[in-house]
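This report looks at how the sheets and helices of one protein chain are arranged. Please keep the sequence and the structure in view while reading.

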Amino acid sequence: MRRLIAIVMALVMLLLSGYALMGCNISGDPGEGNYEIFYYDSTNNEVIASLRDINIVSDSSSAGKIELAYALYEEMQEPQGEGVVSIIPKELEFDGFVIEGNVLSMYFGTEYMLMDNVTEILFRAAVVKTMDQISGIDYIKFFIGENPLTNAQGQAIGLMRAQDYIVEISDILLNINTQDVTVYYSNLSGDRLVGETKKIAYSAQKSIEQAIIEQLISGPDSEDCIASLPSNLKLIDVTTRNGVAYVNFDGAFLDSLVNVSSAVSFYSVVNTLCSLTNIRHVQILVNGSSDYVFRENYNLAEIYDRNLDIIESEISIEKE
């Protein structure tokens, strides 16, 4: 939690300075072959832009631009100095670049969707600001797998430029909230639920319901429990109406298996959502349809309530 607050403070400081990731705390002097690389300084709770000398003679060809793009991305993963860390999550898989005209497309693995809202906007802004320095590149576009990156409403983010982010970051900061929520995972035996109570960040761009389901898919923090859902599961959307949460997954909910009971998988979703005070019942959909039965036990056409009998224990998680 303290790290989340520190990141938010860093973004606030950037906005107040009027730069918003544009020339903040730059070390070194600009010159030929020098590029601003963005990192997070955990010691001073701020984002820093360090000038790095990239020893690549980039030509105007697509191959030359991609070579430089790889070099910049690698530099983002190699922070220097005490307390300076990479903005790129360690678990994020990067699959490469494609250039079409003046557009640089970047392809990421599905781990991208597990970033919390604050981390994601910070990552996106830092990467776009870094790549925007490549001569002949005017726009950056992100893909998750083969699909364009979308926002919480399912709308494509589309083409991005460095100057796009001052208003967007400001809007997110004005709407960031945190809430103590219990997320239910499997015990080590796979037959009961263990609740992890943790602080979850959410905003106008990402609802608390979406945030906690993404936490559920990403797996537990504690070594006393294991994931209850497959890691490749995709949350399509989740909405709440009249005390009922409607959570819509892709086909992996039915097709991908984890080594836990069907009741544990199913009620990890139901109990997690019902831990919110505004939710009393849950209906699970697959690709928008209720015409399925989960593991031959749970008819998705029905609405389910919280199951207290399957809960083994609850623990509190304090993140640094």
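## A pair of residues to begin with

In this predicted model, a useful place to start is L235, whose bridge partner in strand 13 is F249. That bridge belongs to the pairing of strand 12 with strand 13 (residues 244-249), and these strands run in the antiparallel sense and are joined over 6 bridges. In general, the strands of a sheet pair through backbone hydrogen bonds, and the pairing may be either parallel or antiparallel.

## The sheet around strands 12 and 13

Strands 12 and 13 are part of an open sheet of 4 strands, in which the order is 12-13-14-17 and the pairing is mixed. Strand 12 (235-241) and strand 17 (304-305) each have a single partner strand, so they stand at the edges, and one side of each is left without a neighbour in the sheet.

Which strands does helix 5 lie across in this part of the chain? Helix 5 (residues 208-218) lies across strand 12 and strand 13, and runs at about 135° to strand 12. Helix 7 (residues 262-274) also packs on the sheet, where it touches strand 13, strand 14 (281-286) and strand 17, and its direction makes about 135° with that of strand 14.

## The sheet around strands 9 and 10

Another open sheet of 4 strands has the order 11-9-10-18, again with mixed pairing. Its edge strands are strand 11 (225-226) and strand 18 (311-316), each of which pairs on one side only. Strand 10 (residues 193-202) and strand 18 run parallel and are joined by 5 bridges, and within this pairing L193 has I311 of strand 18 as its bridge partner.

Helix 5 packs on this sheet as well, touching strand 9 (177-187) and strand 10, with its direction at about 35° to that of strand 9. Helix 7, for its part, lies across strand 9, strand 10 and strand 18, running at about 165° to strand 9. Helix 5 therefore has contacts, meaning heavy atoms within 4.5 Å, with strands 12 and 13 and with strands 9 and 10.

## The chain as a whole

The protein chain contains 7 helices and 18 strands, and buried residues make up 50% of its 320 residues. Among the contacts between residues at least 6 apart in sequence, 62% join residues that are at least 24 apart. The accessible surface of the chain comes to about 15,100 Å², and 45% of that surface belongs to carbon and sulfur atoms.

Definitions and conventions. Residues are numbered from 1 along each chain as its sequence is written. This is a predicted model: local features need pLDDT of at least 70, side-chain atom pairs count only at pLDDT 80 or more; totals for chains, interfaces and linings use all residues. Side-chain values use heavy atoms; hydrogens and water are left out. Two strands pair if DSSP finds at least two bridges between them. Helices (H or I, at least four residues) and strands (E, at least two) are DSSP runs, numbered from the N terminus. Axes are lines fitted to C-alpha atoms, for helices over the stretch in contact, and angles run from 0 to 180 degrees between N-to-C directions. Buried means under 20% relative accessible area, exposed over 50%, partly exposed in between (1.4 Å probe, protein chains only). Accessible areas come from the Shrake-Rupley method with a 1.4 Å probe; for residues, only the protein chains shown count as cover.
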